[in-house]
Amino acid sequence: MTKTINITLKIWRQKTAQDKGGFETCHASGISTDMSFLEMLDVVNEQLTLDGKEPVSFDSDCREGICGQCGAVVNGRPHGPEKATTLCQLHMRHFKDGDVLAIEPFRAKAFKVVRDLIVDRSPLDKLIQAGGYVSTNTGGAPDANSVPIPKDIADKAMDAAACIGCGACVAACPNAAAMLFVSAKISHLALLPQGKPEAAKRAMSMVCTMDELGFGNCTNERECEAECPKEISIVNIARMNREFFKSAFFSAVM
Amino acid sequence: MLESRTPGGPLADKWDRHQFELKLVNPANKRKFEIIVVGSGLGGGAAAASLAELGYNVKCFCIQDSPRRAHSIAAQGGINAAKNYQNDGDSIWRLFYDTIKGGDFRARESNVYRLAQLSVNIIDQCVAQGVPFAREYGGLLANRSFGGAQVSRTFYARGQTGQQLLLGAYSALSRQIAIGKVTMFPRREMLDLVMVNGQARGIVARNLITGEMENHAADAVVLATGGYGNVFFLSTNAMSSNVTATYRAYKKGALFGNPCFTQIHPTCIPVHGSYQSKLTLMSESLRNDGRVWVPKTPGDTRAPDQIPESERDYYLENKYPSFGNLVPRDVASRNAKEQCDLGKGVGETGLAVYLDFRDAIKRDGKDVIGQKYGNLFQMYEKITAQNPYEIPMMIYPAVHYTMGGLWVDYNLMSNIPGLFVLGEANFSDHGANRLGASALMQGLADGYFIIPYTIGGYLAGTSLPKISSSAPEFQAARKEAGSRIHKMMAINGNRTVDDFHKQLGKIMWDYCGMSRNDEGLSKARIMIQELRSEFWKNVRVPGTDGDLNQSLERAGRVADFLEFSELMIIDALTRRESCGGHFNEAFQTDENEARRDDENFCHVSTWEYAGDAQEPVFHKEPLEFENVHLTQRSYK
Ligand SMILES: Cc1cc2nc3c(=O)[nH]c(=O)nc-3n(C[C@H](O)[C@H](O)[C@H](O)COP(=O)(O)OP(=O)(O)OC[C@H]3O[C@@H](n4cnc5c(N)ncnc54)[C@H](O)[C@@H]3O)c2cc1C
Ligand code: FES
């Protein structure tokens, strides 16, 4: 049933990357429980604007849980308290009247705050640029059915490929590691015959780039898996390590 | 003026022949050309990657923080291709014919045929990139049938086809970024097109983080900036989808084709409150197994499971026995509206119909249905807090896609030399109504397989003097864009940008939506003019223009929607027929279907900007059908 609730927000405000930033309190009243979290923020922003204040900057685009553009930490949890849910798909029915919510940007050494809840996630693009592709040019591809791929392999590749690149795994990790993100891409491609030829090289390059970009190491905290809105499994990290060791071995014997 | 440049010869040979006739750029010379691609969706992403692979230097722009987040990512259902892997009678010809017919015979034959031909290569290309399409146990690719098609030609990756296709294009793009052939400019918004000596030679873009204006010069400009569905405020499009890039090009002389052709998708989650920021599509694939119905008696408020079979009206199955729940989108949407207008709508607002899986679950079991639609059911439940395995879904039509766009010739070049337009941003292949799973196909065909050839023909055959990005034309465009921003910021009125946008959306939905009439359209035109003038007096844009300012970004887009919406209305008023997504109540058959007027309106309507105070000038491209016979669409 739809009802309305009043909540208190403690929102991180920060003008620029250099700015120190801090929490500001504001009240969201008459919030319909059918609203999404971002619609709640829209309502708050409309009010701030009318009150002559600056609205809170936050990222979003598809608002369907697929583009990966949204994201913030709500009461200590990336994308909020619901399992397998992006912030744009989190609905206010999961909160109670009178709740106090602390909202802050994804925090990680590799992600600089741009403004308020917006962070710079371009290091994730750099990771893909380091090898998250199959080196094939447009044109000249063989018939799509020329290489059968067992359904379970295709399904596993799809499980890994479902990553939306939101960065919640990095924000959730005490070491701010990008292991889940990188391993999902490495797994997706290594599982498929099309990605196999470059699997070792890809793993080596992506893992090294991860270090260069300031992402931390994996110490098996499993927070990434718990917070991933697409439930990407840490099995991928094991698969990545296999590919990485293969490539390390390969380069050692060469 | 409107030269479609369709090559001669038989339909099936036109593209081959054209490829041969197009001039080639010498491989060593390609690196001397600079190409701007605005947009990183399926159209832009595929184009930028493919052009860079050929050796061109590419600059690619997008609004999002990463090219991977372009709106194409949200496509769920699938992508068509005439592979005929299912041996069920599909062919290039059938895909061509279905697309032309589905578009209500308002698209160019030659373009649509080429699209059907290229569809086959797209799937090969995507599989080579590692796109994990759904497969059968034998390891071969799986297909399903999709809205309006009687063959299974749709390839899919669970309910995330757009995501996987875009990630494929993005991976190819990333590879080119890594080797320096593409320079990526994320969080940039193109605010104007720059023309030098009558040729498109660059853009002015705003850096959305620093607020700085940037000039970018090139030898050709490719726009792949998506559709303008957000003119309705509520749509299934992403928040940043806009008309700015194409509308600015229109104001620089590019013709806008069929702006009134918009698609209202039948299966979306109904509107539930005024705070709502967007509408969520429930993939059309659901109509393969879900049955659409409403109670037979108006005002019946019983819970769905309390309504016995004999008191349910499966209106699509009854009215269209051969297509049933799979009629094309425009037909399904209009019928849902008709049922609700009769008072038979369900849910709290009465603006919804049921999409019921009870019988499919009984027939195939919950597991099978779950495998096909699990993630969609989950998404529905997340939003509505209702479980579609137990309670029928409630759906209602919502704005989804815009068939209209910048006019392009067979080369996908607009009437401005050097300005190419791809994907949803152009007007081309879907006529007055797009079939499901055909937009992804078109975006990728345009980007991977058409532009790499046709842009070469242009560059090789055109004199392109060197220009600098500080040329006076750039400075003028930049100054104009800047002064618009200053003007908007200085108003400091009493209404927010979203408030204006919502009001505009409501006007468009009420009068220029699923069904239209002259009186309403004329009224809407005046309402829009008034709203626009109020906007420029009373909008409030907080903050400054010197850094990241999301209100300002939206204000610029809404300002353009407030002008562009009027063009849609003018176009709707001048098309004195109903066809596809354009349904004027004055033109319908006895059975309330769209009645075309092939004698007088078998053409593309295009509009030329003539000044803010002037009516736009109308030009038409007559559509000639040499290979198909125009029929009244019937799905009975
Ligand atoms: C919810 C949903 C589901 C869909 N499902 C399907 C489906 O199953 N099958 C199907 O075939 N089609 C589907 N469609 C339609 C299809 O997804 C789109 O038509 C298609 O993806 C558009 O691709 P595009 O490359 O033209 O543009 P987009 O993907 O919209 O990309 C536009 C790009 O341009 C950039 N841009 C826009 N304006 C500017 C500017 N001013 N300055 C700089 N950059 C700019 C954006 O940042 C973005 O990168 C669906 C659409 C929606 C909304
Ligand atoms: S806005 Fe796209 S995932 Fe949330």
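Student: How much space lies in the second largest cavity?
Tutor: This is a predicted model, where local features need pLDDT of at least 70, side-chain atom pairs count only at pLDDT 80 or more, and totals for chains, interfaces and linings use all residues. A cavity is a set of points, on a 1 Å grid over the protein atoms alone, where a 1.4 Å probe fits but cannot get out. Points are joined across faces, edges and corners, and the volume is the space filled by probe spheres set on them. The whole structure has 14 cavities of 30 Å³ or more, and the second largest holds about 170 Å³.

Student: Which element gives the most to the lining of that second largest cavity?
Tutor: Residues are numbered from 1 along each chain as its sequence is written, chains are lettered from A and ligands numbered from 1 in the order written, and side-chain values use heavy atoms, without hydrogens or water. The second largest cavity is lined by 15 residues, B:Leu191 and B:Gly556 being among those nearest its centre; a lining residue has an atom within 4 Å of a point. Strand S6 (188–196), helix H7 (244–251), helix H13 (472–491) and H16 of chain B each give two or more, with helices (H or I, at least four residues) and strands (E, at least two) taken as DSSP runs numbered from the N terminus. Five lining residues come from the top contributor, H16(B).

Student: Which residue does B:Asp560 meet in a salt bridge?
Tutor: A salt bridge here is a side-chain nitrogen of Lys or Arg within 4 Å of a carboxyl oxygen of Asp or Glu. For B:Asp560, the N to O distance is 3.0 Å, and the partner is B:Arg484. This pair links distant parts of the chain, 76 residues apart, joining B:Asp560 of helix H16 to helix H13 and its B:Arg484.

Student: How many salt bridges are there between chain B and chain A?
Tutor: Side chains of opposite charge can pair when their charged atoms come close. One such salt bridge brings B:Arg187 to A:Asp59 at 2.8 Å, N to O. Over all chains the count is 66, and between chain B and chain A it is six.

Student: What area is buried between chain B and chain A?
Tutor: The contact (heavy atoms within 4.5 Å) takes 77 residues from chain A and 75 from chain B. Buried area is the accessible area (1.4 Å probe) that two parts lose on being put together, summed over both. Carbon and sulfur atoms give 50% of the total, which is about 6,200 Å².

Definitions and conventions:
On a 1 Å grid over the protein atoms alone, a cavity is a set of points where a 1.4 Å probe fits but cannot get out, and a pocket is an open set with protein on both sides within 12 Å along at least five of seven lines; lining residues have an atom within 4 Å of a point.
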